[in-house]
Each structure stands twice: as C-alpha cells, then as structure tokens.
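Here are a few friendly notes to read alongside the model. Keep the 3D view open and find each spot as you go.

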Amino acid sequence: MALRVETERLLIRGWTEDDIDPYANMASDPEVMRYIGNGEPRGRDYAEEFVRRMIRLHEERGWIRFAVEHGETGRFMGFCGYEMQDEVLDFGWRYARDFWGGGYGSEASLAVLGIGRETYGLTGIESQSYPENVGSIRIIEKLGMTYLRESVSFGRRIVHYGFPEER
Ligand SMILES: CC(C)(COP(=O)(O)OP(=O)(O)OC[C@H]1O[C@@H](n2cnc3c(N)ncnc32)[C@H](O)[C@@H]1OP(=O)(O)O)[C@@H](O)C(=O)NCCC(=O)NCCS
C-alpha cells in the first residue's frame with residue numbers, strides 16, 4: 001500500500017510521475033548535487049529512471065527513498081529514505097534549495113527513521129556524508145547515529161554513521 005505520513009509540516013509519500021519534473025530541476029542544480037557522488041549535476045534521464053524505479057520498488061517492497069512534500073503548499077521538496085548501496089542499507093536525504101535551512105531536513109529524517117523501523121522493520125540503517133557537508137552531518141547527529149568508519153569515494157573522504165547496537 002502506498003505510504004502517506006504527515007508530520008507537522010511535511011507529507012512523506014510514495015512517488016508519482018508528476019514528481020519527475022521537479023526532481024529533474026533539483027538534480028540539475030549544482031549546489032544540490034555538490035556533495036552527491038562525483039558532485040556533478042544530473043540530467044532528466046537520471047530523474048526519470050530514479051522516479052520510475054522508486055515507484056516500482058515502493059510497490060514491490062515498500063521502503064524506498066520517499067518523496068517529501070511541503071504540507072502547506074503541496075510542492076515537491078525532495079526525498080528522504082532508504083536504498084541499498086554496496087550491501088549497506090543507506091539512509092539519505094536531498095532537497096531543493098528553496099527548502100534548505102528551515103529544519104525540514106531534520107523533521108523529515110526523524111519521521112522517516114521511525115517509518116523505516118516501525119512500518120518496514122528495517123535494521124542496520126546507516127548514513128554517509130562528505131565531512132564538509134555540515135548540514136547533513138548535523139542531521140546524522142540529531143538522529144542519534146554514531147561514527148562507524150570512513151571510506152573514499154571519487155577521491156574524497158566519506159564518513160559513515162549508524163546504530164552499532166542494532167547491527
Ligand atoms: C543537507 C540538507 C539535507 C540539510 O537540509 P535542511 O532542511 O537545510 O536541514 P535542517 O534545516 O534540518 O538543518 C539541520 C541542522 O544543520 C544545520 N545546517 C543545515 N545546513 C547547514 C549548512 N550549510 N551549514 C551549517 N549548518 C547547516 C542547521 O542549522 C541545523 O542545525 P541545528 O539543528 O543544530 O539547528 C540540505 O542542505 C540538502 O538537501 N543539501 C543537498 C543534498 C545533500 O547534500 N544531501 C545529503 C548528502 S549526504
């Protein structure tokens with residue numbers, strides 16, 4: 001069943017084809033993509049493939065990188081949720097620049113951590129970030145995660161956090 005969870009200011013939900021355009025806009029913004037993968041903005045093909053994969057995986061198994069919608073305006077904001085990465089259950093988030101700095105990232109991630117655990121029974125949840133991405137590291141800390149290890153991706157240092165007691 002499609003997930004729809006309201007928080008104080010947000011709607012956490014599955015994706016629709018209508019999300020492709022705003023997601024493509026977001027993915028083409030170099031500031032948004034600065035700390036993602038190789039740091040390059042991505043094109044519409046990536047956005048289409050991503051949104052369609054999320055729609056399919058939501059139907060198949062439930063947990064995904066959920067779409068996050070602004071409650072008051074109904075605008076698509078970005079995503080928050082889970083994806084397997086190198087055999088690790090990665091918990092990540094990404095929002096359009098218009099929505100930064102208002103506490104939305106914290107609000108969504110706290111809600112989606114609860115959804116992951118309670119609705120989908122997920123364990124072994126981890127998050128990773130380039131250490132320079134201060135806002136993301138702050139969200140990780142607020143979730144109560146602790147430092148696990150480091151790795152290198154695209155020649156840059158990445159820090160990994162999680163809940164060691166859950167593993
Ligand atoms: C990182 C990101 C998710 C933060 O979202 P947000 O909605 O702005 O986060 P919040 O407003 O909830 O802020 C969380 C905390 O980080 C701090 N913070 C956020 N951005 C910051 C920045 N650029 N520099 C310093 N601190 C920052 C906030 O002050 C807040 O701290 P507090 O709770 O102690 O007051 C958002 O900037 C984003 O989508 N960036 C692009 C994609 C990305 O980098 N995703 C993460 C990849 S690992």
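**Notes on the ligand site and a hairpin**

1. Start at G101, where a backbone N or O atom lies 2.7 Å from an oxygen atom of the ligand. Please keep in mind that this is a predicted model, with distances computed from its atoms.

2. Next, look at two side chains. S106 places a polar side-chain atom 2.6 Å from a ligand oxygen. K142 does likewise, with a polar side-chain atom 2.5 Å from an oxygen atom of the ligand. On its own the ligand has 930 Å² of accessible area, and the protein covers 70% of that.

3. Now step back to the whole surroundings. In total, 22 residues surround the ligand. The closest are G101, S106 and K142, which you have already met, together with G103 and R138. As for the location, the ligand sits in the largest pocket.

4. Which elements each supply at least two residues of the shell around the ligand? They are the strands β5 (88-95) and β6 (125-129), and the helices α4 (104-119) and α5 (134-142). Among the contributors, α5 gives the largest share, with six residues of the shell. Try colouring these elements one by one in your viewer.

5. What kinds of residues make up this shell? Nine are nonpolar, 10 are polar and three are charged.

6. Finally, move along the chain to a pair of strands. β7 (residues 146-153) and β8 (residues 156-162) pair in the antiparallel sense, and seven bridges join them. To see how they line up, find T146, which stands opposite G162 in β8.

7. The turn of this hairpin deserves a look too. There are two residues between the strands β7 and β8, and F154 takes a positive phi near 50 degrees in this hairpin. Checking that backbone angle yourself would be good practice.

Notes: Residues are numbered from 1 along each chain as its sequence is written. This is a predicted model: local features need pLDDT of at least 70, side-chain atom pairs count only at pLDDT 80 or more; totals for chains, interfaces and linings use all residues. Side-chain values use heavy atoms; hydrogens and water are left out. A residue is near a molecule or strand if one of its heavy atoms lies within 4 Å of it. A polar contact is a pair of N or O atoms within 3.5 Å; within protein, one must be able to donate a hydrogen and the other to accept it, and residues adjacent in sequence count only if both atoms are side-chain atoms. Accessible areas come from the Shrake-Rupley method with a 1.4 Å probe; for residues, only the protein chains shown count as cover. On a 1 Å grid over the protein atoms alone, a cavity is a set of points where a 1.4 Å probe fits but cannot get out, and a pocket is an open set with protein on both sides within 12 Å along at least five of seven lines; lining residues have an atom within 4 Å of a point. A molecule sits in a cavity or pocket if more than half of its atoms lie within 2 Å of its grid points. Helices (H or I, at least four residues) and strands (E, at least two) are DSSP runs, numbered from the N terminus. Ala, Val, Leu, Ile, Met, Phe, Trp, Tyr, Cys and Pro count as nonpolar, Asp, Glu, Lys and Arg as charged, and the others, Gly among them, as polar. Two strands pair if DSSP finds at least two bridges between them.
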